[in-house]
Amino acid sequence: MLKVDEIQNGVVIDHITAGTGLGLYHLLELEKLNGDASVALLQNVRSEKSGKKDIIKIEGDVSRLNFDILGYLDPQISITVIENGHITNKIRPQQPKRLVNIIKCTNPRCITAIEQDCDQIFALTPSGRYRCVYCEQEFKVKP
Amino acid sequence: MRHLIDPADFTLEETLRLMDLADRIHDDPAAYRNVAERKRLASLFYEPSTRTRLSFEAAMYNLGGQVLGFPDGGVSSAAKGETVADTIRIISFYADIAAIRHPKEGAALRAARFSGIPVINAGDGGHSHPTQTLLDMMTIRRRTGRLTDLTVGFCGDLKFGRTVHSLIRELARCEGIKFVLISPEELRVPDYIIEEELQARNLPFVEVRTMEEVLPELDILYMTRVQRERFFNEEDYVRLKNTYVLTKEKLALAKPTMSVLHPLPRVNEIALEVDDDPRAAYFEQAENGVYMRMALIMTLLGLKDPKTGEVAFEC
């Protein structure tokens, strides 16, 4: 079993749908974290709940990260904040009803692909997914 | 001011009132020939369409109105790169109502957000075609006398067919509809339609691979075209293509009261020999489309029905 040291100050993003961890890594722009932060991406970790999952551990300053984004990318995710080796907060991201100019529709047939200054608007469906209000394509995190 | 971008923009009650008006126009079109006098329809077709464009234009002329517009995006300012938002802002000064057909999905919704006049979605790419859904509903009701307690079969390409998805959603709002989904595995109704429209409302549905096994129980058979390019390999297409062709022989299995609908154009999925069968309703659909579009234009413009002295519903 692969082992990654426990972190002292930072966050653990857990219960990420297996295979989408790298996509989240890029969406959170973790590659742009300042040089002091260490990031570990664990893929296909065994999980009692979901069989397999991905995990991201970040050691260091995470103050400029936007964790709200995780709620609509993958609502089953949990975020644990750790300070001085102790859990200080556990966050379950919320799903807002509408997202405006936060994520982008990838459907090349959507009007947003050609219309200038067209807001990217996604609405939450009853089944907890986000769909572009123009073309109704579901937003999915790319693996 | 209201628009029709998606069939769900109108409540079921509003849709039924619209159908009532379309039925009254159907029965006495002459009574409506001056209703929209001095009103103008902007017919904004960014891609060619024969039936839908002519149906809208015929509807406006039948009401005594006028039509302006363009039949193809290549001859409009869109070819110079003008946005849909700018175009509709300008058109709002020239016309009272607009019908827009655009190859991009969501274009009509974009237009509606910037429009000073009611916008009707006349088809936005593979996404939605609400007037087709309304005329499908009207035809089903005229044929069966009801929009409740029906077994409705959808056959062919149920994955990419926008008319199928819209009609399933619209019928899901009615009481007692049983859905029979007949398609090859590759062209099944998308899971999100099944989950969000059928399972979420506990509506009865079955998925089958051949039409013969379900034809005897259907009240409505909604046919669509299975296109070669939708298959991953040629072998599967060749193996399956005739499975979804309606012939006189297969029709013999159906109830004498069943109706066959098709959004048209058809290629070979309904044999020509079926056209003379009284169950063939697809040409009636095209006719009903003009009356439904007349009713829609009247209602969105707030024009009163000369027969009742009222609008179908307030917009």
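Helices here are DSSP runs of H or I at least four residues long, numbered from the N terminus. The model shown is a predicted one.

**View 1. Chain A, strand by strand and helix by helix.** Chain A has eight strands and two helices. Follow the sequence and you get β-α-β-β-α-β-β-β-β-β. The C-alpha trace of chain A spans about 50 × 35 × 25 Å along its principal axes. Of the 143 residues in chain A, 24% are buried. Take the contacts in chain A between residues at least 6 apart in sequence: 59% of these link residues at least 24 apart.

**View 2. Where chain A meets chain B.** On this interface, 17 residues of chain A are in contact with 16 residues of chain B. What is the chain A side made of: nonpolar, polar or charged residues? Eight of the residues on that side are nonpolar, five are polar and four are charged.

**View 3. Helix 5 of chain B and what follows it.** Helix 5 of chain B covers residues 130–144, and 13 of its 15 residues are buried, which leaves the helix mostly covered. Its length checks out too: at 1.5 Å a residue, 15 residues should span 21 Å, and the end C-alpha atoms are indeed 21 Å apart. Just past the helix comes G145(B), with a positive phi of about 80°.

**View 4. Helix 5 crossing helix 6 in chain B.** Helix 6 of chain B runs over residues 162–171, and its axis comes within 9 Å of the axis of helix 5, at a crossing angle of roughly 55°. That angle is neither under 35 degrees nor in the 65 to 115 range, so the two helices count as oblique to each other. The crossing is right-handed. On the helix 5 side, the contact uses P130(B), Q132(B), T133(B), D136(B) and M137(B), while helix 6 brings T163(B), S166(B), L167(B) and E170(B). By type, the contact of helix 5 with helix 6 has three nonpolar, four polar and two charged residues.

**View 5. Helix 2 crossing helix 10 in chain B.** The axes of helix 2 (residues 51–62) and helix 10 (residues 282–300) of chain B come within 8 Å, again with a crossing of roughly 55°. Helix 2 and helix 10 of chain B are therefore oblique to each other, and their crossing is right-handed. Helix 2 puts in R51(B), S55(B), F56(B), A58(B), A59(B), M60(B) and N62(B); from helix 10 come A286(B), G289(B), V290(B), R293(B), M294(B) and I297(B). This contact divides into eight nonpolar, three polar and two charged residues.

**View 6. Backbone oddities in the loops.** Most residues other than glycine have a negative phi, and most peptide bonds are trans. Here are some exceptions.

- N84(A) isn't a glycine, yet its phi is positive, near 50°. N84(A) sits in the loop between strand 4 (78–83) and strand 5 (86–91) of chain A. With 7 other C-beta atoms within 10 Å, N84(A) is exposed, because 12 or fewer is the cut-off.
- R38(B) is not a glycine either, and its phi is positive at about 70°. Look for R38(B) in the loop between helix 1 (12–27) and strand 1 (40–45) of chain B. R38(B) has 9 C-beta neighbours inside 10 Å and so counts as exposed.
- L264(B) and P265(B) are joined by a cis peptide bond, with omega at about 5°. P265(B) belongs to the loop between strand 9 (259–261) and helix 10 of chain B.

Definitions and conventions. Residues numbered from 1 in each chain as written. Chains lettered and ligands numbered in written order. Predicted model: local features only at pLDDT ≥ 70, side-chain atom pairs only at ≥ 80, totals over all residues. Contact = placed C-beta atoms within 7 Å. Nonpolar A, V, L, I, M, F, W, Y, C, P; charged D, E, K, R; others polar. Buried ≥ 20, exposed ≤ 12 C-beta atoms within 10 Å, placed from the backbone. Axes fitted to C-alpha atoms, helices over the stretch in contact; angles between N-to-C directions. Parallel < 35°, antiparallel > 145°, perpendicular 65-115°, else oblique. Left-handed = near helix turned anticlockwise from the far one by under 90°. Expected span 1.5 Å × (residues − 1).
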